[in-house]
Amino acid sequence: MNKRILLTTGLILTLFEISFAQGSFTSDMMTYVIIGVVALIALAALFGVTDNLMKVEASKLGLDVEKKDIGIFPSIGNILGSNATHIGGEKAGYHKLNKGFDIQLSGEASPKVEEMKASRYAISPYDFRGISPIPKVTVEVGDIVKAGDILFFDKKVPTIMYTAPVSGEIIEINRGDKRAIKDVVILADKEVSHKMFNIDDSSVEAIKSTMAESGAWTLLNQRPFDIIPSIDSTPRDIFISTFDSAPLAPDATILLKGRESHFQKGIDILAKLTEGAVYLGLDASDKNNPFANIQNANKHWFKGKHPAGNVGVQIHNIKSIKPGQRVWTLGVQEVIAIGKLFAEGIMDFSRIIVVAGSRIANPTYVRTHVGASVSDILKGQIKEGEKEARIIDGDVLSGKQITQNDFLSFKSDQITAISEGNEYELFGWLLPINPRPSTSNTFPNFLYPDYKFEGETNTHGEKRAFVVTGQYEEVLPMDVYPQHLMRAIMAGDIEKMEGLGINELNEEDIALCEFVCVSKTPLQQVLREGLEKLRAEA
Amino acid sequence: MKLLDFIKGLEPDKKKSPILHTAYDAFFTFAYAPNTVTKNGVHMRDGMDLKRLMVHVVIAMQLCYIFGTYNIGHQHFIASGQFLGFLDGFHLKLAHGLIKLLPIYVVTHVVGLGIEFLFAAKKGHAVEEGFLVSGALIPLIMPPDIPLWILAISVAFAVILAKEAFGGTGMNIWNIALVSRVFIFFAYPGDISGDQCWISGYDSIAAGVQANYGWWHTGFFNSLFSMMDLPTFNAAKTTIVDGFSGATPLALAYEGGKELMTSKFSMDQIFWGSIPGSIGETSKPAIILGAIFLIVTKVASWRIMIGMVIGTALTGMIFNAWGFNAYMEIPWHNHLIMGSFLFAMAFMATDPVTASNTNSGKWIYGIFIGLVGMIVRVMNPAYPEGWMLAILFVNSFASLIDHYVIEANIKRRLSHV
């Protein structure tokens, strides 16, 4: 602080010297300018002294001067970083995020839920990051299982069970490359019968063992790395985003409807598993948000475009993940499943899926179970067209490409279908014929803010070296520098990766950065390589 | 799609003739956006790509091109005392401008793109779009009478040493267009600085020197114009009048401050651009419109532009207060429309590759250029302009600025663990 005063005094002296040395002023205007500058500096000095006095007073009162940013001026750190105070202490419950971008797509689902019984369901070890490729499969083809019965477990972590989503007969155990287990397929019964579990939630140990035994533990996700947490770990906090801002994503109020009590029960259970708190991220643009009635959780409201609904963005803006810290994240339906387990003693893997996109004939919500066969869900749903349809498990930004022969992935709540874009386009880069979403104002898109795009999978250009700067920051409401992080990952500099905040990100958070990237860099892939490298080191 | 099939049939073999294939690929992807689809990661991509981005910078420069071309001819006739009104002798001025500009444009692109194609073929990847912008910028920052062989050497120097040696588009440290100009500035200073080089079409600038017309003037355009009953190029009549020096306003300001400068050129003239200078830098409205276009389309960083204005204005004010010599006493707001400040701000400093990457870094970078540029412009004993050297100088520090911004971010994150 003393430096600032010294600098100010020095400046004043220099200016006086200058004006004396000059002798005579050539114009009145210059005189006014100098008087103005001197007055400004005097004012600055006055403010500087006041600022210092305030800080002295504050530290006398025992307040943390560094952290709280007491005084008239924001600290330099605040000016340099867009939202620097978010790193570190917890922020208040309302967050307006100015950065981001909503990709408006046509084919939005109508808000009604259709019942759908798929004939086959499958659980795939591929969906669980970090599990050994050949888990111990405890069932054989022909066995009859109930929902909640063990299908397989990881030999390295024998306490955590991976269980059947529905009751029925095991009809296939498929193997992929290097004899890894690809999936375990169940031919479902007409009515699902459930295995009963002990619902003692009096102690943390009892909760954990019930969750591990029933398969509910596999619903948890640990950030960073996006793996199933180890059974003896305690997270710093648990974060739940109650809205999904991704294109065509399901409306969480529809997911919650009629299951509020189970959601509340789930929150109560989760609150016992953490030393910190359970945080709910709520959509501030929804006036009658049903999640506002949930108790026993710290509620934070978020207003903004995508990715405001991403749990990673919310964590960053609530209380960011420092290197070495671990938090858990869950989706709404996972919390409901855990709540139902402890309310009724059954492991209910039922799930509401949104089926949407420009190539879906009748976009709607479907109630089915985890791991349902995609061909059953999409029966008669894919619109015929000139181009092939791309079916995506998840949203268009960070989903996985699948075929009709696949099964829903473990945590999926969305299937999107858009057109493939494998066509040449004459001068398509300069004068595009079809409208396409873009953050760039070189397209007239900003004139039609409500236009819904069909969406197609063309890359609209070739891969190039990084040229444009600042484009990622425009769509990522976090105090990170994605381009520098990517460079650190490519260079394999682990220390820098951690310093630049790799722990706070996963694919869905930087998916929008990848979307806008002019150089068409595969950011999500690079980020995951970095996270895997970091996990191997840890 | 028949045309497409025909064009696809022409594709040369990549192994047998890599250079032909590279050239084919460059022109093919120029004509047709590729049919590649997304694989892992995002399934949809933004419609923006590097080609589109670069071409928008070129579009932003078009007004400068139009005005610059005409102004070459205008200055040529002003020197001989003919057609003093701006629109008098319109066809002659335009024709003379085209005769001067087109060869510069063609040589820049033949040399620059040729080298790009060779390197792309050698490295086995596609021709990158960087030279679209560099190639459009270089003619605009050259004097109209630049000898073409010097231009060719400078472009080759810039593309090979400042770009390809660093790894191609996106990897260079210094602005390519400015490197080519600075090469001429140091290797052939007489052709790019002083009073002799800004008026085209004369062997030297001295009273009584006759215009030097070639076949395009006397053969092509004169026969065309005489058919249309218009005045024609006449070398005998076009001689430099007494007292014409060829000096730019900046050179005058350097010698005698605002007084001398405004005795020859009014501030309006300096603003609108009917003054001698590099081809594209003279017309301020054309540049301002280009800059607004770049900001509205979000192609160039407004932070750098505003930072540079702030830096220049502040330094200008300090110089005004100092008032050591006549040049320093030129009001700071006049500095903003003098010389090539605006052109450097809109098109040179905003090059994203050589500027700072971080948003806060861009502010510092812009202000720093303004500061250094004014110091070079005003306090330099030999040369009255500073933006080229200032931008190249601050280019070298761009990564350092970023480094400190990034370190601050890392420090914030790693503290309070």
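This is a chat about a predicted model with chains that include A and B.

Visitor: What do I need to know about the numbering and the model before we start?
Guide: Residues count from 1 along each chain as its sequence is written, and chains are lettered from A and ligands numbered from 1 in the order in which they are written. It's a predicted model, where local features need pLDDT of at least 70, side-chain atom pairs count only at pLDDT 80 or more, and totals for chains, interfaces and linings use all residues.

Visitor: OK. Which residues touch the most other members of the largest nonpolar core?
Guide: I338(A) and I391(B), out of 238 residues. A nonpolar core here is a set of buried Ala, Val, Leu, Ile, Met, Phe, Trp, Tyr and Cys residues joined through C-beta atoms within 7 Å. Buried is 20 or more other C-beta atoms within 10 Å of a residue's own, exposed is 12 or fewer, and partly exposed is in between, with C-beta atoms placed from the backbone.

Visitor: And which helix gives that core its largest share?
Guide: Helix 17 of chain B (residues 387-414), with 10 residues. Helices are DSSP runs of H or I, at least four residues, numbered from the N terminus.

Visitor: What's I338(A) in contact with?
Guide: Beyond its neighbours within four places in sequence, M211(A), A216(A), L219(A), G266(A), I269(A) and L270(A). Contact means C-beta atoms, placed from the backbone, within 7 Å.

Visitor: Switching to M338(B): buried or exposed?
Guide: M338(B) counts as buried because it has 23 C-beta neighbours inside 10 Å. It sits in the loop between helix 14 (332-335) and helix 15 of chain B.

Visitor: Which residues does M338(B) touch?
Guide: Leaving out residues up to four places away in sequence, M338(B) touches P249(B), L250(B), A253(B) and I270(B). G273(B), 65 residues away in sequence, is 9.8 Å from M338(B), C-alpha to C-alpha.

Visitor: How is chain B divided into domains?
Guide: Domain 1 is 10-31 + 49-244 and domain 2 is 251-417; those bounds come from an automatic or database domain assignment. The contact between them takes 36 residues from domain 1 of chain B and 30 residues from domain 2 of chain B.

Visitor: Which element gives the most on the domain 1 side?
Guide: Helix 4 of chain B, with nine residues. The residues on that side of domain 1 divide into 25 nonpolar, nine polar and two charged. For that split, Ala, Val, Leu, Ile, Met, Phe, Trp, Tyr, Cys and Pro are nonpolar, Asp, Glu, Lys and Arg are charged, and the others, Gly among them, are polar.

Methods: Helices (H or I, at least four residues) and strands (E, at least two) are DSSP runs, numbered from the N terminus. Two residues are in contact if their C-beta atoms, placed from the backbone, lie within 7 Å.
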